[in-house]
Amino acid sequence: MPDEVSVFDVPANVAMWVCGFPEDEVLHRLRTAGDGEPDEHDWAFSTKQFESQDDEFPGSWEASARRYVCVDGRRVQFAEPSGAPFLTQNDAPVGVTLATFHWGSEDGMMSGASSWTLTQVSPTRAIASADGDATAPPVEMALSSERLAEVVARWLADVEGGTIGVPLAAAIELEPFDLAGQLPDAERRSWESLLVDLRSGYGTTLECTIALDGDDREHLRNILAEDDEYRAIRDALANPAKHDEWLRAQLQQDDPYDLGD
């Protein structure tokens with residue numbers, strides 16, 4: 001790829017391996033040309049690994065652009081709906097993880113597990129991806145340092161549209177527990193056990209991680225607190241003694257969305 005080449009086309013019927021160039025340079029110059037279907041194995045090369053990778057990548061049957069380039073051993077995937085390229089490794093976006101949410105259940109017909117991830121793949125782009133029972137094509141989200149909190153909040157709202165427990169898990173991640181430090185040691189251990197069980201115990205489990213810090217984290221808390229459900233959980237976490245019965249029901253998922261009290 002000579003320096004004077006400003007755009008690197010990936011034809012619809014070819015997969016390529018690009019070595020010896022910085023990954024971000026390749027991505028900034030990459031452009032897809034044409035569409036294809038996963039079962040149209042008409043590529044002009046003999047290496048079979050590309051064919052299997054094409055079919056196995058999560059969401060590959062739903063997205064429009066189905067031909068790939070590999071950059072120094074890492075594949076390029078294309079996000080919906082813009083077709084923006086991003087690198088992947090082990091079927092996950094390569095970049096900085098901004099937030100994750102995991103839901104799991106071992107309860108009869110509701111058994112299953114899904115994970116959602118928001119990954120920053122460039123200064124101006126994040127990729128929302130999902131796997132497990134919620135596997136879907138990756139989606140691009142525009143990003144800037146001034147609005148990281150807004151992007152994470154919008155991502156959380158999108159995740160909430162497809163699962164349960166997002167406000168609860170986000171509040172546990174972001175909000176202080178027993179803000180005034182009033183709980184006796186024995187009661188604190190009881191609460192801590194419930195929090196551990198919610199993340200990795202039996203039945204329904206929920207866990208959220210958010211990598212923002214400082215002003216970005218505070219801004220995200222303020223945005224989420226505009227929601228009644230999040231605000232009720234935040235207040236209960238801050239004063240668990242006052243909201244004991246209601247909060248325990250939330251953490252044990254007995255009646256997770258009854259906010260009447």
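In this predicted model, Asp228 and Arg231 both belong to helix α7, which spans residues 228-238. The two are three residues apart, about one turn of the helix. Their side chains form a salt bridge, with an N to O distance of 2.5 Å. Arg231 has a relative accessibility of 29% and therefore counts as partly exposed, since the buried class ends under 20% and the exposed class begins over 50%. In addition, Glu175, Glu218 and Arg221 are joined into one network by salt bridges that share partners.

In total, the structure contains nine salt bridges. Side chains of opposite charge can pair when their charged atoms come close. One of the salt bridges is formed by Arg217 and Glu173, whose closest N and O atoms lie 3.3 Å apart. This pair connects distant parts of the chain, as Arg217 is in helix α6 (residues 214-224) and Glu173 is in helix α4 (residues 166-174), 44 residues apart. With a relative accessibility of 26%, Glu173 is classed as partly exposed.

Another salt bridge is found between Glu23 and Arg74, with the closest N and O atoms 3.1 Å apart. Here too distant parts of the chain are linked: Glu23 is located in helix α1 (residues 23-29) and Arg74 in strand β5, at a separation of 51 residues. Both partners count as partly exposed, Glu23 at 25% relative accessibility and Arg74 at 22%.

Strand β5, which carries Arg74, covers residues 74-78. Four of its five residues are buried, so the strand is largely enclosed by the rest of the structure. Strand β5 is paired with strand β4 and with strand β6. Strands β4 (residues 69-71) and β5 run antiparallel and are joined by two bridges. In this pairing, Val71 is placed opposite Arg74. The two strands make a hairpin with two residues between them. Asp72, in the turn, has a positive phi of about 50°.

On pairing with strand β6 (residues 85-89), β5 again runs antiparallel to its partner, and the two are joined by four bridges. Val76 has Leu87 of β6 as its bridge partner. The hairpin of β5 and β6 has six residues between the strands, and Gly83 adopts a positive phi near 75°.

Strands of a sheet pair through backbone hydrogen bonds, either parallel or antiparallel. An open sheet is built from five strands in the order β11-β10-β9-β8-β12, and its pairing is antiparallel. The edges are occupied by β11 (136-142) and β12 (205-210). Each of these edge strands has a single partner strand, so one side of each is left without a neighbour in the sheet. From one strand to the next, the twist averages 15°.

Within this sheet, strands β9 (residues 112-122) and β10 (residues 125-132) run antiparallel and are connected by eight bridges. Gln120 has Ala126 in β10 as its bridge partner. Helix α3, comprising residues 148-160, packs on the sheet and touches β8 (96-105), β9, β10, β11 and β12. The direction of helix α3 makes an angle of about 155° with that of β9.

How values were computed:
Residues are numbered from 1 along each chain as its sequence is written. This is a predicted model: local features need pLDDT of at least 70, side-chain atom pairs count only at pLDDT 80 or more; totals for chains, interfaces and linings use all residues. Side-chain values use heavy atoms; hydrogens and water are left out. Buried means under 20% relative accessible area, exposed over 50%, partly exposed in between (1.4 Å probe, protein chains only). Two strands pair if DSSP finds at least two bridges between them. A salt bridge is a side-chain nitrogen of Lys or Arg within 4 Å of a carboxyl oxygen of Asp or Glu. Axes are lines fitted to C-alpha atoms, for helices over the stretch in contact, and angles run from 0 to 180 degrees between N-to-C directions. Contact means heavy atoms within 4.5 Å.
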